[in-house]
Amino acid sequence: MNKDRSIDNLAHRKGRSMGLPEKVIILDSSVLHHAPNAIDHLDNNVIVIPMVVIEELDHNKTHSNGKGWAAREASRNIDFYRERGELA
């Protein structure tokens, strides 16, 4: 077995057993337009939403189609976590 691969597996297993986040997930606007509540399904991970994604959601909220609805829903979901103090 490749030495680097075995070290990665060990680190991954140790992180899991200690309750540490498993992955860092960077969400882009296409994910949030397709699944506005995607954040709810990414438990025990560090989730990053770049500022440009927030700006794009804000821009698209004014649309009267499904894209506008998804942008508004994603923004509400992000605000929910922000108000609970779960965003850095």
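These are my notebook entries on a predicted model of a single chain.

**Entry 1: overall layout**

I began with the secondary structure of the predicted model and found four helices and two strands in the chain. Reading along the sequence, I noted the order of these elements as α-β-α-β-α-α. I then looked up the totals for the chain, where 23% of the 88 residues count as buried, and where the accessible surface comes to about 6500 Å², with 54% of that surface belonging to carbon and sulfur atoms. For the contacts between residues at least 6 apart in sequence, I recorded that 43% join residues at least 24 apart.

**Entry 2: the faces of helix H3**

I turned next to helix H3, which spans residues 51-60, and listed its buried residues as Val53, Leu57 and Asn60. Looking down the axis of H3, I found these buried residues within an arc of 70 degrees, and they therefore line one face of the helix. On the other side of H3 I found Met51, Val52 and His59, which are exposed. I also asked what covers the buried residues of H3, and the cover includes helix H2 (29-34) and helix H4 (66-83).

Glutamate 56 also lies in helix H3, and I looked it up separately. Its relative accessible area is 32%, so I entered glutamate 56 as partly exposed, given that the partly exposed class lies between the 20% limit for buried and the 50% limit for exposed. Leaving aside neighbours within four places in sequence, I found glutamate 56 in contact with Ser29 and His33. For the pair of glutamate 56 and serine 29, I noted a C-alpha to C-alpha distance of 7.0 Å, with their positions 27 residues apart in sequence.

**Entry 3: asparagine 77 in helix H4**

In helix H4 I picked out asparagine 77, and asked whether this residue is buried or exposed. Asparagine 77 counts as buried because its relative accessibility is 8%, which I checked against the limit of under 20% for buried residues. Not counting residues up to four places away in sequence, I listed the residues that asparagine 77 touches as Pro36, Asn37, Ile39 and Asp40. Taking one of these partners further, I found that the C-alpha atoms of asparagine 77 and asparagine 37 are separated by 6.6 Å, although the two residues are 40 residues apart along the chain.

**Entry 4: salt bridges**

How many salt bridges does a search of the whole structure find? I obtained three, and went through them in turn.

In one of them, lysine 61 pairs with aspartate 58, and I noted 3.1 Å between the closest N and O atoms. Lysine 61 is partly exposed at a relative accessible area of 29%, and aspartate 58 is likewise entered as partly exposed, at 40% relative accessibility.

In another, the side chains of arginine 76 and glutamate 73 meet, with an N to O distance of 2.9 Å. Because arginine 76 and glutamate 73 are three residues apart in helix H4, about one helical turn separates them. As background to this spacing, I kept in mind that an α-helix has 3.6 residues a turn, so residues three or four places apart point the same way. I entered arginine 76 as partly exposed, at 48% relative accessibility.

The remaining entry joins the side chains of arginine 82 and aspartate 79, for which I noted 3.6 Å from N to O, to be read against the 4 Å limit for a salt bridge. Arginine 82 and aspartate 79 are also separated by about one helical turn, because they are three residues apart in helix H4. I found arginine 82 partly exposed at 47% relative accessibility, and aspartate 79 partly exposed with a relative accessible area of 33%.

**Entry 5: a nonpolar surface patch**

Last, I looked at the surface and asked which residues make a nonpolar patch there. The patch is made by Val24, Ile26, Val46 and Val48, and its area is about 340 Å². I traced the elements that give two or more residues to the nonpolar patch, and these are strand S1, through 24-26, and strand S2, through 46-48. Valine 46, which is found in strand S2, I looked up on its own, and it counts as partly exposed because its relative accessibility is 36%.

How values were computed: Residues numbered from 1 in each chain as written. Predicted model: local features only at pLDDT ≥ 70, side-chain atom pairs only at ≥ 80, totals over all residues. Heavy atoms only, no water. Patch = residues over 30% accessible without salt bridge, like charges linked within 9 Å, V, L, I, M, F, W, Y side chains within 5 Å. Areas by Shrake-Rupley, 256 points an atom, 1.4 Å probe, with all protein chains shown as cover. Buried < 20%, exposed > 50% of the residue type's maximum accessible area, 1.4 Å probe, protein only. Arc of directions from axis to C-beta. Contact = heavy atoms within 4.5 Å.
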